[in-house]
Amino acid sequence: MNKRADFGSDLEQAAFWMPFTANRQFKKAPRLLARAEGMYYWTPEGREVLDGTAGLWCVNAGHCRPKIVEAVKRQVATMDFAPTFQMGHPIAFEFAERLARIAPEGFSRVFFTNSGSESVDTALKIALAYHRARGEGQRFRLIGRERGYHGVNFGGMAVGGLQANKKAFGPGVAGVDHIRHTHDLARNAFSKGQPLHGVEFADELERLCALHDPSTIAAVIVEPVAGSAGVLVPPKGYLERLREICTRHGILLIFDEVITGFGRLGHPFASQRFGVAPDLFTTAKGLTNGTVPMGAVFLKDSLYEAFMQGPDGIELFQGYTYSGHPMACAAGIGTLETYEDEGLLTRAQSLEKHWEDAAHSLKGTRHVIDVRNCGLVAAVELEPRAGAPGRRAYEAFVKAFETGVLIRVTADIIALSPPLIVEKPQIDRLYQTLREVLQQLA
Ligand SMILES: Cc1ncc(COP(=O)(O)O)c(C=O)c1O
């Protein structure tokens, strides 16, 4: 029999194959979290850790909020599960109604999934099926963007633009292409908010239209602010131009709002902050405050209506056993109530200046080659250590955790996105810790 891990002390033989983790490295020197409340985690030994990342960009209302906890408890004792295939339950309808109320105007339809990855694949399928329903089935191409992250399922992986996430998994989905990313350190380093340069990167879409014939393109998917690839804020005018090109060619524009949704940028959704409307958008994470896994795709009424023509019958052959799961819906309703009670969907606006100043105070700190920010998100990009890319930021992550602050790193970029309940002294502590950590690093 295998030697089993003695939980919390010896994890080297642990059964859990951890996702997106250097398992052998981690299990030799684990970082464990055992409890959470508000802005903080606690380790099993009782050490407090300030959450600078809202868990994994998802705990927007802070941890273990009473309304969410109570809603989930009530629901699990009332009805644990019920199907949503040719059956329904009131709480799924109620949650969808409430979501439609906070969605941008004209987005009154919601399709439930269980994660961001499933939301993305669902949105891509809806886009393809929509064109087919309207007699334009020749639109099969999907366009993503370099450095985009759209989850790990086959569709999202294909339109995503992170090489490491694809290289082990074969040729993927046919008919996918990518526009270039918008990161331009030479012109935009230390931009506050939207960078000035780079609107022309959107013209890459015209180039792909010319290359492939636009009538073969079904959809373009981008994150309004790229998150996982290191917080890339769209240059001024960029999203507007993407929108114009899509409209001109009858291509659907999908915003992946898995990170930007639910108040992260000071508005319920990024499309509202930037004043650019997509045709569909994907969400997850903050949808239930990370409490119960869930995702949702929002679509324009006109898209939904296109499916509701023709003879009676199942209009879209898509769905998950747990689409609209009662516990997830309960968590979601508790989450929306918490957001509403505390004004969290717009609270980032009042903190943004303080957040921006605190972030940019790291300009000039050892190793820092860029700071960028938008809403309550920021990135601090480090000069990679020669011959060891990613190593310096990883060490910063470990040291920050040991010092009591949770940050997140991708390659040599540190990403910060605290719960939206964060207070100014906690923001100051976050950046002060980071400054001290960076000064100690080789
Ligand atoms: C923009 C975006 N899309 C999709 C996903 C995938 O979400 P999940 O991990 O819930 O599948 C993520 C996750 O970070 C994301 O940031």
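**Exercise 1. Determine how many residues of helix α12 are buried, and which ones**.

Step 1. Fix the terms. Helices are DSSP runs (H or I, at least four residues), strands likewise (E, at least two), numbered from the N terminus. Buried means under 20% relative accessible area, exposed over 50%, and partly exposed in between (1.4 Å probe, protein chains only).

Step 2. Note the basis. This is a predicted model, in which local features need pLDDT of at least 70 and side-chain atom pairs count only at pLDDT 80 or more, while totals for chains, interfaces and linings use all residues. Residues are numbered from 1 along each chain as its sequence is written, and side-chain values use heavy atoms, with hydrogens and water left out.

Step 3. Count. In α12, 12 of 17 residues are buried, so the helix is mostly covered.

Step 4. Name them. The buried residues of α12 are Pro326, Ala328, Cys329, Ala330, Ala331, Gly332, Ile333, Gly334, Thr335, Leu336, Thr338 and Tyr339.

**Exercise 2. Compare the span of α12 with the expected one**.

Step 1. The expected span is 1.5 Å times one less than the number of residues.

Step 2. α12 covers residues 326–342 and reaches 24 Å from its first C-alpha to its last. That is close to the 24 Å expected.

Step 3. Look at the loop between α11 (301–307) and α12: histidine 325 sits there. Histidine 325 is buried, at 15% relative accessible area.

**Exercise 3. Explain why cysteine 329 has no disulfide partner**.

Step 1. A disulfide is a pair of cysteine sulfur atoms within 2.5 Å. The structure holds zero disulfides.

Step 2. Cysteine 58 is in none; its nearest cysteine sulfur, that of cysteine 64, is 12 Å away.

Step 3. For cysteine 329, the closest cysteine sulfur is in cysteine 58, 18 Å off, which is too far for a bond.

Step 4. Add burial. Cysteine 329 is buried at 0% relative accessibility, and cysteine 58 is buried at 14%.

**Exercise 4. Describe the polar contacts of the ligand and its cover**.

Step 1. For the ligand, a polar contact is a pair of N or O atoms within 3.5 Å.

Step 2. Take the oxygen contacts. A polar side-chain atom of serine 117 is 2.6 Å from a ligand oxygen. A polar backbone atom of glycine 116 is 2.8 Å from a ligand oxygen.

Step 3. Take the nitrogen contact. A ligand nitrogen is 3.5 Å from a polar backbone atom of tyrosine 149.

Step 4. Check the cover. Alone, the ligand exposes 390 Å², and the protein buries 83% of that (Shrake-Rupley method, 1.4 Å probe).

Conventions. A polar contact is a pair of N or O atoms within 3.5 Å; within protein, one must be able to donate a hydrogen and the other to accept it, and residues adjacent in sequence count only if both atoms are side-chain atoms.
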